[in-house]
Amino acid sequence: MVERRESSEEYADGWVEDEVLGCQFEDVRHCKRLRQVLGQFSRRVGAATPWASQDWAGVKAAYRFLSNRRVSETAILAGHFLATRSRVPKDSSPILVLHDTTEFSYKRTRIESVGLLRTTPCWPGKGKKGMPCLHTVCGILMHSSLAVTTEGLPLGLVAVKYWTRRKFQHTRSLRGKICPTRIPIENKESIRWIENLRRATAMLAEPRRCVHIGDRESDIWEMFCVAQQEGTHFLVRTCVDRRAEDGSTTVERIMNRVPIRAVHRIEARDAEGDLRPAIMELRYQKMSVCPPIGKEKRYPKLTLTVLHAQERNPPAGRRPIVWKLLTDLQVVSRRQAIEKLEWYAQRWKIESFHKILKSGCRAEESRLRTADRLVNLIAILSILSWRIFWITMLNRTRPDAEPSEAFTELDQYLLDELVPDKPNQIRKAPLTHYIIKLARLGGYLARTHDPPPGNTVVWRGLSRLTDIELGIIIGVELVGN
């Protein structure tokens, strides 16, 4: 009976093999166990480990795998990193590498077992009367780097860094006493941006095609210099007004004198969440930018392009959209300016990836007690989160692709049988046709003017479809015996 169950699971999760094929464990049995654990979680998205494993033997095996000292997040994700590189288009199109940091908070009483995230004020008793006390939040931090195409299709993770805190960085206690820029980057948590940039560039092995994109937290001069050394590119949102040219002026002053070079229309959400048109005024200028004063002796000036996008006549009740971007890429025309603006807009894809990891896979609801076990679990769930996100975005970026890219023949047969076409329904592109059916299993209504299915209905549909597949396969095997 055990052998029949394993063969059924492998058939239902054929994509898992591609994501674990390149894993290099000290014990070959760990690769097989990873394949089984990832397959179990993929069939029951968001389920706790006992529910995903379904029996005591499977639960015990999963817990032993997560707590094994010879198993690490690096070994778990090694195969996925290689699979990501194999999915990179063979042409010369740019590869956008999105960087961001997220937190996983856990309700634990022992800080030393999980780690420290932050302290937040809380008020004892009912209401907010009296002096607040500080509440310690335990958890793990994750800095991830997600490779996507310029159309927004997530190819997969290319670098990840996990860490915990035993105490807060010493720079916080020195605030007001010493300039933070005089503290070496190696002594700050900000070094994660540089480490992931190097790892991602090395993993993709095509530095000239890579464009590393980050929010205002990535406005780090050392990272700009490392990108230049590695022969790769960056596009970040700035948070400070840097000195420019000979140091007697600033970037902001120069850009205030630059005329509007382009106007671009985008869709933005208002306070109610509805999409509204917004007219963006674009200014761009190539200039020499100086390093911070405390770093002048260690780092050189860089010739960069500054791109400012500001909303014209914003509506009442909403702050104007203002993006101030810095890049080493060439911007000399309206088309190139709009292109860089659209590339930066893809940065929100990594926010969606983290949302799937937390809300869909429920990575913060695990009851594992130590940071090492939690990190191994988050690494496994990260692969599953990418898979859900990839199917969702595949529908939006490549609807004309063959269904076989995302679904097996059994998947397509069951979707046709379980979700019949609506009367007078217009047949859409092949892949879109089956993804909509999958989403309908997860609660998507598929009305005429509904937007494309999102991540939530996709992960619900995947869970239902795999349950049905396993039931049919096991039933057929029992009849055959």
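Me: Why is K340 called buried?
Reply: K340 has 4% relative accessibility, and buried means under 20% relative accessible area, exposed over 50%, and partly exposed in between (1.4 Å probe, protein chains only). So K340 counts as buried. This is a predicted model, where local features need pLDDT of at least 70, side-chain atom pairs count only at pLDDT 80 or more, and totals for chains, interfaces and linings use all residues. Residues are numbered from 1 along each chain as its sequence is written, and side-chain values use heavy atoms, with hydrogens and water left out.

Me: And what makes E339 partly exposed?
Reply: Its relative accessibility is 25%, which lies in between the two cut-offs, so E339 counts as partly exposed.

Me: How do you know that E339 forms a salt bridge with K340?
Reply: Happily, that one is simple to check. A salt bridge needs a side-chain nitrogen of Lys or Arg within 4 Å of a carboxyl oxygen of Asp or Glu. The closest N and O atoms of E339 and K340 are 2.8 Å apart, so the pair qualifies.

Me: What makes R398 and E405 a salt bridge?
Reply: Their side chains meet at 2.7 Å, N to O, so the definition is met. R398 is partly exposed, with a relative accessible area of 35%, and E405 is partly exposed at 36%. Elsewhere, salt bridges that share partners join D100, D215, R347 and E351 into one network.

Me: How many salt bridges does a search of the whole structure find?
Reply: The search finds 23 salt bridges.
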